[in-house]
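New to this one? Here's a quick briefing to read with the model open beside you.

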Amino acid sequence: MNGVLVVDKPPGPTSFAVVRKVRHLLQVKKVGHGGTLDPLASGVLPICVGEGTKLAPFLLDASKAYETTVRFGVETDTLDADGQVVATHPVSLDAAAVEAALASFRGEIDQVPPMYSALKREGRPLYQYARAGETVERAARRVHIHELTLLAFEPPDRARLRVRCSKGTYVRVLAADLGRTLAVGAHLQALRRTTSGPFSLGQAVTLETLGALVAAGEPLPWVSLAEALAHLPAASVDEPTALAVAQGKRLPWVYPDIPGPLRLLRTDGTLLAVIACASDHSVEFRRVFR
C-alpha cells in the first residue's frame with residue numbers, strides 16, 4: 001500500500017491518534033501524516049502510507065485553508081477553547097469593527113509561536129514548559145495570510161472567518177492577536193481545515209467510512225504519489241534514465257528553467273523521484289520512490 005488517504009479528522013483526537021487508527025485498520029507499519037491538526041480542530045488530514053511517508057516534507061510546505069470561529073472577550077492559556085480561561089473582558093463589537101481589524105492581518109505578518117506548541121527549546125517542546133508554568137522567549141516568525149475573510153459576525157461576541165495561509169501559521173495566534181487589536185481579547189473556539197496543499201474536503205473520508213470500506217474489502221480512495229505532489233512541476237523520463245535514478249547515479253541538470261523541486265515521472269505516470277538543482281548543476285535527489 002503506497003499513497004495518501006485524505007481523512008476528515010473529527011474534533012477530539014490528536015493527529016497521531018488518527019495515524020494509529022489508520023495503521024491498525026490497514027495493518028501496515030509505515031503510516032504518517034502530512035501536517036498536524038490540534039485536537040480541537042477537524043477537517044483535512046492527509047495520511048501518508050508506505051512510500052507515501054516520503055511525501056511528508058513536501059506536504060508540510062504547502063499552504064492551508066481553514067474556516068474558524070473566534071470568540072471575543074475570553075482569553076485562554078492555550079489560545080483555544082481547550083485551554084483554561086485566564087481573562088475576560090466586556091465586548092461591544094459589530095461586523096464593521098471586526099472587518100476593519102482584519103485588514104492589518106492580511107499579507108505578510110509576524111507571529112510569535114504559542115507556548116502550547118510542539119516547537120522545541122533546548123530539546124523540550126514548548127508545551128512542557130507551559131504546563132510547568134514557565135514562559136520562554138520565542139522569536140517572531142514571518143508568515144503569509146493569503147486570504148482573511150469575515151464570513152459572519154454572530155452578536156455579541158463571535159465571528160466566523162475564512163483563512164488561507166502559508167505553512168507555519170498558527171490560527172490560534174491569529175485569533176488571539178485579533179482580539180488584542182480590538183482590545184477585547186479572544187480565543188479560537190472552533191477550527192476546520194478545508195484544504196491542505198492539493199487536498200480538499202471533497203476528497204476526505206471519515207474514519208468510520210474508511211473502516212467500513214476496509215471491512216467490506218472495497219477499494220480505498222487512494223491519492224497516488226504523483227497526484228499528491230501535483231502542485232510541483234513534472235517531467236517524464238525514459239526507462240534508461242529511470243534506471244539510473246534508481247541506482248543513484250550522478251546526472252546532469254537538464255531543466256534550465258526549473259530550479260526545483262521537480263517531480264520525475266516514469267513512462268507509466270508513476271512518481272519516480274523529487275529532484276532539485278544542486279550547486280554544481282547536477283541532480284540533487286530529494287526523494288526516490290520505489
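What follows is a short tour of one helix, the pockets, the cores and one strand residue.

Keep in mind that this is a predicted model. A good place to start is helix α5, residues 171–181, which is largely enclosed by the rest of the structure because nine of its 11 residues are buried. The same helix turns up again when we get to the pockets, since α5 supplies at least two residues to the lining of the largest one and at least two to the lining of the second largest.

**Helix α5**
- The buried residues here are Val171, Arg172, Val173, Leu174, Ala175, Ala176, Asp177, Leu178 and Gly179.
- Their packing partners are β4 (64–72), α3 (95–102), β7 (107–111), β10 (141–154), β11 (158–165) and β12.
- Just past the end of α5, look for Ala183, which has a positive phi of about 60 degrees.

**The largest pocket**
- This pocket holds about 1,200 Å³ of space.
- It has 37 lining residues, and Thr36, Asp38, Ala118, Tyr170 and Arg172 are the closest to its centre.
- Besides α5, the elements that each give at least two lining residues are α1 (15–26), β4, α4 (126–131), β10 and β12.
- Sorted by class, the lining comes out as 17 nonpolar, 10 polar and 10 charged residues.

**The second largest pocket**
- Here the space is about 320 Å³.
- Of the 21 residues in the lining, Asp77, Leu79, Pro114, Met115 and Arg138 sit nearest the centre.
- Helix α5 provides the largest share of this lining, with four residues, while β5 (74–76) also supplies at least two.
- The lining splits into 11 nonpolar, four polar and six charged residues.

**The nonpolar cores**
- The largest nonpolar core counts 45 residues, and Val22, Ile47, Phe72, Val98 and Leu161 have the most contacts inside it.
- A second, separate core has 19 residues, including Val4, Ala226, Leu232 and Val274.
- Back to Ile47: leaving out residues up to four places away in sequence, this residue touches Gly3, Val4, Leu5, Val7, Val18, Val19, Val22, Val31, Gly32 and His33.

**Thr194 in strand β12**
- You'll find Thr194 in β12, which covers residues 186–196.
- Is Thr194 buried or exposed? Its relative accessible area is 17%, and the cut-off for buried is under 20%, so Thr194 counts as buried.
- Beyond its neighbours within four places in sequence, Thr194 is in contact with Val44, Ala65, Tyr66, Glu67, Phe199, Ser200 and Leu201.

Key. Residues are numbered from 1 along each chain as its sequence is written. This is a predicted model: local features need pLDDT of at least 70, side-chain atom pairs count only at pLDDT 80 or more; totals for chains, interfaces and linings use all residues. Side-chain values use heavy atoms; hydrogens and water are left out. Buried means under 20% relative accessible area, exposed over 50%, partly exposed in between (1.4 Å probe, protein chains only). Contact means heavy atoms within 4.5 Å. A nonpolar core is a set of buried Ala, Val, Leu, Ile, Met, Phe, Trp, Tyr and Cys residues joined through side-chain atoms within 4.5 Å. On a 1 Å grid over the protein atoms alone, a cavity is a set of points where a 1.4 Å probe fits but cannot get out, and a pocket is an open set with protein on both sides within 12 Å along at least five of seven lines; lining residues have an atom within 4 Å of a point. Grid points are joined across faces, edges and corners, and a volume is the space filled by probe spheres set on the points. Ala, Val, Leu, Ile, Met, Phe, Trp, Tyr, Cys and Pro count as nonpolar, Asp, Glu, Lys and Arg as charged, and the others, Gly among them, as polar.
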